[in-house]
Amino acid sequence: MNLDELIRPNVRAMKPYASARDEFQGTAQVMLDANENSLGSVGGQAFNRYPDPLQRAVKAEVARLKQVGPGQIFLGNGSDEAIDLLLRLTCVPARDSILILPPTYGMYEVAANLNDVAIERVPLTADFQLSDDAITKVLASPAKLVFVCSPNNPTGNLLHAAAVERILRGFPGLVVVDEAYSDFAAAPSWTSRLAEFENLVVLQTFSKAWGLAGLRLGMAFASPALIGYLNKIKPPYNVSETTQQHALAGLADTTGFEQMRRALLAGREQLAAALPAVGIVEHVFPSDANFLLVRFRPDATAVYEYLLGRGIVVRNRTTQPGCAGCLRLTVGTPAENQQLLAALHQYPG
Ligand SMILES: *Cc1c(COP(=O)(O)O)cnc(C)c1O
């Protein structure tokens, strides 16, 4: 793969915005370069200075935790920002395409539609894996990007590593492995393979296992050259000061992280063990995430509506390819999981 050739010509040619904080780093006694308000902030807390555009302090901690170099990390306003930037970095509107593997996360499609980028779909098998035939199609695709979601949303399963590796070796564009749920998975992250594959981009997020969905912080890991391109096109101050400060606090709380992660895994195993005993449950799909895809009979949408009436909201995935009859159940607190099970057992149908 030649990275420069994958990048849109206008992006290759453009000069990035040089912010005040790019041109001068650190602090001086008198800071009059960024049109900030030196008097202070409204609302009590001080946010009158622009944040670090490259989030160096947060990246240093993420680098330590993930065993990668700081230059291999991009941080964004959720991983959704990274998805959009990767698309805009590589795909010329009304000309280029991305490839997705349905059923999968909806944002890839939305970002492509927004950017007037075509979508090629290669469906997963009935057990949500890549067939040989599907891999052949992926390798022959002219798409600039393929999104490989593993563990996959909404199905919960990991894609077989051998299949992902064949794509990494043979696909001529970027391979974006979305690992939003990797903290719940019994498999090593693809970040450990970055040195081997220059076309690999790994997405992770603080929204799931870290419990910081409201903060909006996502991570992309890739070669320093690709991260350089993402930095070139990102909004200059894309991660707020609050987010950076709170991310540092979160990253320091490894005990809290580990406790929640273990509790959610235990909740998942309890739900997965208890659900098959519910009469209306036809199948519980294996999960390496913090949710379970469950097939209900005879009418999953009726079950969805019934749960809503009981004050329990789950995700109706019945219209997704390969997910007929399926609801996606997020693992909650032990009490919430019990409430869900009790309600399902009491289903009047
Ligand atoms: C939840 C989720 C994300 C996270 O998105 P953020 O913008 O970081 O909150 C990314 N990818 C998948 C597949 C998800 O399910």
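Buried area is the accessible area, taken with a 1.4 Å probe, that two parts lose on being put together, summed over both. The exercises below use a predicted model.

**Exercise 1. Describe the interface between domain 1 and domain 2.**

Step 1. Set the bounds. Domain 1 runs over 3-252 and domain 2 over 255-345. Taken over C-alpha atoms, the centres of domain 1 and domain 2 lie 29 Å apart.

Step 2. Count the residues in contact. Domain 1 brings 20 residues to the contact, and domain 2 brings 20 residues.

Step 3. Take the area. Domain 1 and domain 2 bury about 1,600 Å² between them, and carbon and sulfur atoms give 65% of this area.

Step 4. Find the main contributors on one side. Of the area that domain 1 buries against domain 2, 37% comes from F128, P154 and F184, more than from any other three residues.

**Exercise 2. Sort the interactions and residue classes at this interface.**

Step 1. Look for salt bridges, with a side-chain nitrogen of Lys or Arg within 4 Å of a carboxyl oxygen of Asp or Glu. The rule finds zero across the interface of domain 1 and domain 2.

Step 2. Look for polar contacts. Six residue pairs are found across the interface of domain 1 and domain 2, both residues at pLDDT 80 or more.

Step 3. Classify the side of domain 1 that touches domain 2. This side has 13 nonpolar, six polar and one charged residues.

**Exercise 3. Describe the surroundings of the ligand.**

Step 1. List the shell. The ligand is surrounded by 13 residues, and Y181, T205, S207, K208 and R216 are the closest. By class, the shell holds four nonpolar, five polar and four charged residues.

Step 2. Pair side chains with ligand atoms. A polar side-chain atom of D178 is 2.7 Å from a ligand nitrogen atom. For S207, a polar side-chain atom lies 2.6 Å from a ligand oxygen atom. R216 also places a polar side-chain atom 2.6 Å from an oxygen atom of the ligand.

Step 3. Take the cover. On its own the ligand has 390 Å² of accessible area, and the protein covers 94% of that area.

Notes:
Residues numbered from 1 in each chain as written. Predicted model: local features only at pLDDT ≥ 70, side-chain atom pairs only at ≥ 80, totals over all residues. Heavy atoms only, no water. Near = heavy atom within 4 Å. Polar contact = N/O pair within 3.5 Å; in protein donor to acceptor, adjacent residues only side chain to side chain. Areas by Shrake-Rupley, 256 points an atom, 1.4 Å probe, with all protein chains shown as cover. Nonpolar A, V, L, I, M, F, W, Y, C, P; charged D, E, K, R; others polar. Domains from an automatic or database assignment. Contact = heavy atoms within 4.5 Å.
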